[in-house]
Amino acid sequence: MEHIGVRETVQFMGLTFNWETLCMTWLAMAIVIVISCLAVKSLKVIPQGWQNFIEIVVVWLQGQLDNMMGKRGSMFAPFIVSLFLFLLTCNLLGLIPTLASPTNDLNTTLGLALLVVCMVHFFGLYFKGGHYIAHFFQPFPPFVVINMIEEIAKPITLAFRLFGNILAGEILIIVLLHLLPIWMPIPSVLWLGFSIFISCVHAVIFTMLSMAYLGNAVKE
């Protein structure tokens with residue numbers, strides 16, 4: 001119990017790295033790549049197995065992209081689908097004994113949030129140019145202060161929401177396993193099922209908010 005939140009770190013060229021987070025991140029990426037390869041290995045008209053799962057995800061996200069971004073949504077589909085599958089895999093990894101979710105580390109969630117926000121501003125300027133900058137001064141020029149605070153808050157809220165919920169879920173599972181006798185597994189199993197649900201929900205929330213931010217920046 002005293003090791004909750006304590007991470008193994010390594011030093012390299014004067015920098016500190018969270019070794020566990022790095023390993024779990026690469027494992028999550030490998031799982032996503034393997035599942036994607038299995039899904040497209042032998043495509044069928046009537047999908048089966050992993051192809052069925054991936055098609056459900058792609059069709060659902062494509063519909064959301066069309067609604068939020070219009071005709072420009074298709075160009076972001078590879079990124080959004082990859083982001084969702086990566087987040088879902090990361091969130092679920094921590095529910096496996098001896099493994100940890102990369103998203104229970106603030107470095108991971110903040111890095112993903114900053115990536116999304118940087119993409120928002122880059123593509124906003126790319127598609128709208130000066131009009132994108134001008135919207136920060138709407139409806140009145142003094143509102144630029146409020147709008148800038150909102151932009152700063154976006155990556156913070158994205159990162160802390162995902163980080164806090166995933167870390168809390170894993171801590172509570174550990175606490176239940178330590179407090180409950182071995183012949184009372186039902187509460188732990190119920191909480192594990194609830195944690196799976198929460199992991200899926202927060203992967204969806206992060207992805208949907210990312211699409212909403214990108215949609216506001218690039219939609220005609």
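This report walks through a helix pair, a group of aromatic rings and one tryptophan in a predicted model.

**The H3/H4 pair**

Two packed helices are described by the angle between their axes and the distance between the axes. Here the helices are H3, covering residues 77-93, and H4, covering residues 106-128. Their axes come within 13 Å, with a crossing angle of roughly 170 degrees. Angles over 145 degrees count as roughly antiparallel, so that is how H3 runs relative to H4. As for handedness, the crossing of H3 past H4 is left-handed.

Which residues of H3 and H4 make the contact? On the H3 side you'll find Phe79, Leu83, Phe86 and Leu87, and they meet Leu112, Leu115, Val116 and Met119 of H4. Sorted by class, this contact has eight nonpolar residues, with no polar and no charged ones.

**Aromatic rings**

Next, the rings. The structure holds seven aromatic pairs, and two of them are worth pulling up on screen. In one, Phe122 and Phe123 put their ring centres 5.1 Å apart with the planes at 85 degrees, so this pair is edge-to-face. The other is Tyr126 with Phe127, again edge-to-face, at 5.0 Å from centre to centre and 85 degrees between the planes.

How do these residues sit with respect to solvent-accessible area? The table has the values for the four ring partners.

| Residue | Relative accessibility | Class |
|---|---|---|
| Phe122 | 52% | exposed |
| Phe123 | 16% | buried |
| Tyr126 | 59% | exposed |
| Phe127 | 24% | partly exposed |

The cut-offs behind those labels are simple: under 20% is buried, over 50% is exposed, and anything in between is partly exposed. So in the first pair, Phe122 at 52% counts as exposed, while Phe123 at 16% counts as buried. In the second pair, Tyr126 at 59% is exposed, whereas Phe127 at 24% is partly exposed.

The two pairs aren't separate islands, either: Phe122, Phe123, Tyr126 and Phe127 belong to one aromatic cluster together with Phe76.

**Trp191**

Finally, have a look at Trp191, which is in helix H7, residues 186-218. Is Trp191 buried, exposed or partly exposed? Its relative accessibility is 24%, so it counts as partly exposed.

Leaving aside residues up to four places away in sequence, Trp191 touches Gly169, Leu172, Ile173 and Leu176. If you'd like a distance to check in your viewer, try Trp191 and Val58: they are 133 residues apart along the chain, and their C-alpha atoms are separated by 29 Å.

Notes
Residues are numbered from 1 along each chain as its sequence is written. This is a predicted model: local features need pLDDT of at least 70, side-chain atom pairs count only at pLDDT 80 or more; totals for chains, interfaces and linings use all residues. Side-chain values use heavy atoms; hydrogens and water are left out. Axes are lines fitted to C-alpha atoms, for helices over the stretch in contact, and angles run from 0 to 180 degrees between N-to-C directions. Helices (H or I, at least four residues) and strands (E, at least two) are DSSP runs, numbered from the N terminus. Angles under 35 degrees count as roughly parallel, over 145 as roughly antiparallel, 65 to 115 as roughly perpendicular and the rest as oblique. A crossing is left-handed if the near helix is turned anticlockwise from the far one by less than a right angle, and right-handed if clockwise. Contact means heavy atoms within 4.5 Å. Ala, Val, Leu, Ile, Met, Phe, Trp, Tyr, Cys and Pro count as nonpolar, Asp, Glu, Lys and Arg as charged, and the others, Gly among them, as polar. Rings of Phe, Tyr and Trp (its six-membered ring) pair if their centres lie within 6.5 Å; planes under 30 degrees apart count as stacked, over 60 as edge-to-face and the rest as tilted. Buried means under 20% relative accessible area, exposed over 50%, partly exposed in between (1.4 Å probe, protein chains only).
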